Amino acid sequence: MKIFKSKSELKDFLLTIRKDKKSIGFVPTMGALHEGHLSLVKRAKKKNDIAVVSIFVNPTQFDNKEDLVKYPQTLENDIRLLESVQCDVLFVPSVEEIYDTNVVSENFDFDGLEHQMEGKFRDGHFDGVGTIVKALFEIVEPTNAYFGKKDFQQLQIIKKLVEKHNIPVKIKGRPIFREEDGLAMSSRNVRLTKEHREAAPFIYKTLKKARKKFGIKNVIEVTQWVEKQFKKHPFLELEYFTIADEKTLETPEVIHKKKKYRGFIAVFAGDIRLIDNIGLK
Ligand code: AMP
């Protein structure tokens, strides 16, 4: 695996790849890699001539400074994992390499997608995400880019970013990888205390029960039912549970058979914030 810290050296290398008419599959990450990330890399590798991964803990998308400072960094292990799935290129830029001395976000209009759910609770988060993903797309110029449905709102926002800015890349959404007990894999899971780690599978269990209730009970009733489950819980604190249209991310007043909906959740386990979502039928 080739490792680049410099964007110009990476660009020069990728130019030779594109000249050979080879396709580039790209997976942007913040590192502390797990099976969920690796599933994206394997897919990128399978569907393209080369797989490029970036590891960059992007400061502008963190609304919580402590979360940024404590974000797990495990580069040695990440390199080993990426080599184990035959990743071709790793890009690990410094903050200066990406932002120079001006560590700020651009302002984006994602047609309202950015104001729902995570956008309500994480101020400026999607401007930060838009800024870094756009910058990385300009450097890598990938043929295809792979994102997990774990961050479903982010996936929809990136599709919108690409559409609005005419960026010539295909965005591919991929399934959520989970631990055996159902907890969605996340780099932040390693920071959970034993107590919170044991409690956390309750999130997905509740999502699955909510899925069963959807269609029998209405949106408000299902939402209130989820809220009630968490009120009783000794270790987990619900930030939000929202049922939303997959395309608009708005909560429906009436359910349309032809539209797709998901249940979205954010929960605090101590000071660790966990998100998850589930498709509803
Ligand atoms: P992150 O390193 O958290 O920025 O995530 C990098 C990419 O991996 C994003 O597209 C995430 O949606 C995706 N990802 C993170 N966790 C999972 C998971 N459990 N299953 C599938 N994809 C994931």
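In which strand is F91 found? F91 belongs to strand β4, which covers residues 89-91, and this residue is one of several that the briefing follows through the fold. The model is a predicted one, so every value below is computed from predicted atoms. The protein chain contains eleven helices and nine strands, and buried residues make up 54% of its 281 residues.

**The chain as a whole**

- A compact globule of 281 residues would be expected to have a radius of gyration near 19 Å, and because the protein chain has 19 Å, the expectation and the model agree.
- Taken along the principal axes, the C-alpha atoms of the protein chain fill a box of roughly 55 × 40 × 35 Å.
- When contacts between residues at least 6 apart in sequence are considered, 72% of them in the protein chain join residues that are at least 24 apart.
- The protein chain exposes about 14700 Å² of surface, and carbon and sulfur atoms supply 49% of that area.
- There are 50 positive and 41 negative side chains in the protein chain, and the centres of these two sets lie 8 Å apart.

**Helix α7 and the residue after it**

- Helix α7 runs over residues 125-140, and at 1.5 Å a residue its 16 residues should span 22 Å, which agrees with the 22 Å between its end C-alpha atoms.
- This helix is mostly covered, since 14 of the 16 residues in α7 are buried.
- Just after α7 comes E141, which takes a positive phi of about 45 degrees.

**Two loop residues with a positive phi**

- Most residues other than glycine have a negative phi, and the residues in this group can be read against that background.
- A32 is not a glycine, yet it has a positive phi of about 50 degrees, and it lies in the loop between β2 (24-29) and α2 (35-47).
- Is A32 buried or exposed? A32 has a relative accessible area of 10%, and because this is under the 20% cut-off, A32 counts as buried.
- D100 is likewise not a glycine and has a positive phi of about 60 degrees, and its place is the loop between α5 (95-99) and α6 (118-121).
- D100 has a relative accessible area of 55%, which is over the 50% cut-off, and therefore D100 counts as exposed.

**F91 in strand β4**

- F91 has a relative accessibility of 0%, so it counts as buried.
- F91 and F56 are 35 residues apart in sequence, while their C-alpha atoms are 8.3 Å apart in space.
- Leaving aside neighbours within four places in sequence, F91 is in contact with residues from several stretches of the chain, including F4, K5, L10, V53, I55, I98, L136 and I139.

**R174 in strand β6**

- R174 is found in strand β6, which covers residues 170-174, and at 23% relative accessibility it counts as partly exposed.
- Although R174 and K149 are separated by 25 residues in sequence, their C-alpha atoms are 5.7 Å apart in space.
- If residues up to four places away in sequence are not counted, R174 touches L40, R43, Y146, F147, G148 and K149, so that K149 appears both in this list and in the C-alpha distance given above.

**H196 in helix α9**

- H196 has its place in helix α9, which covers residues 194-199, and with a relative accessibility of 13% it counts as buried.
- Which residues does H196 touch, not counting residues up to four places away in sequence? H196 touches F235, A269 and G270.

**T248 in a loop**

- T248 is found in the loop between β7 (236-245) and β8 (261-269), and at 36% relative accessibility it counts as partly exposed.
- T248 and Q153 are 95 residues apart in sequence, and the distance between their C-alpha atoms is 9.8 Å.
- Leaving aside its neighbours within four places in sequence, T248 is in contact with L113 and Q116.

Conventions
Residues numbered from 1 in each chain as written. Predicted model: local features only at pLDDT ≥ 70, side-chain atom pairs only at ≥ 80, totals over all residues. Heavy atoms only, no water. Helix = DSSP H or I, 4+ residues; strand = E, 2+ residues; numbered from the N terminus. Rg over C-alpha atoms; globule rule 2.2 N^0.38 Å. Buried < 20%, exposed > 50% of the residue type's maximum accessible area, 1.4 Å probe, protein only. Contact = heavy atoms within 4.5 Å. Areas by Shrake-Rupley, 256 points an atom, 1.4 Å probe, with all protein chains shown as cover. Lys, Arg positive; Asp, Glu negative; His and termini not counted. Charge placed at Lys NZ, Arg CZ, Asp CG, Glu CD. Expected span 1.5 Å × (residues − 1).
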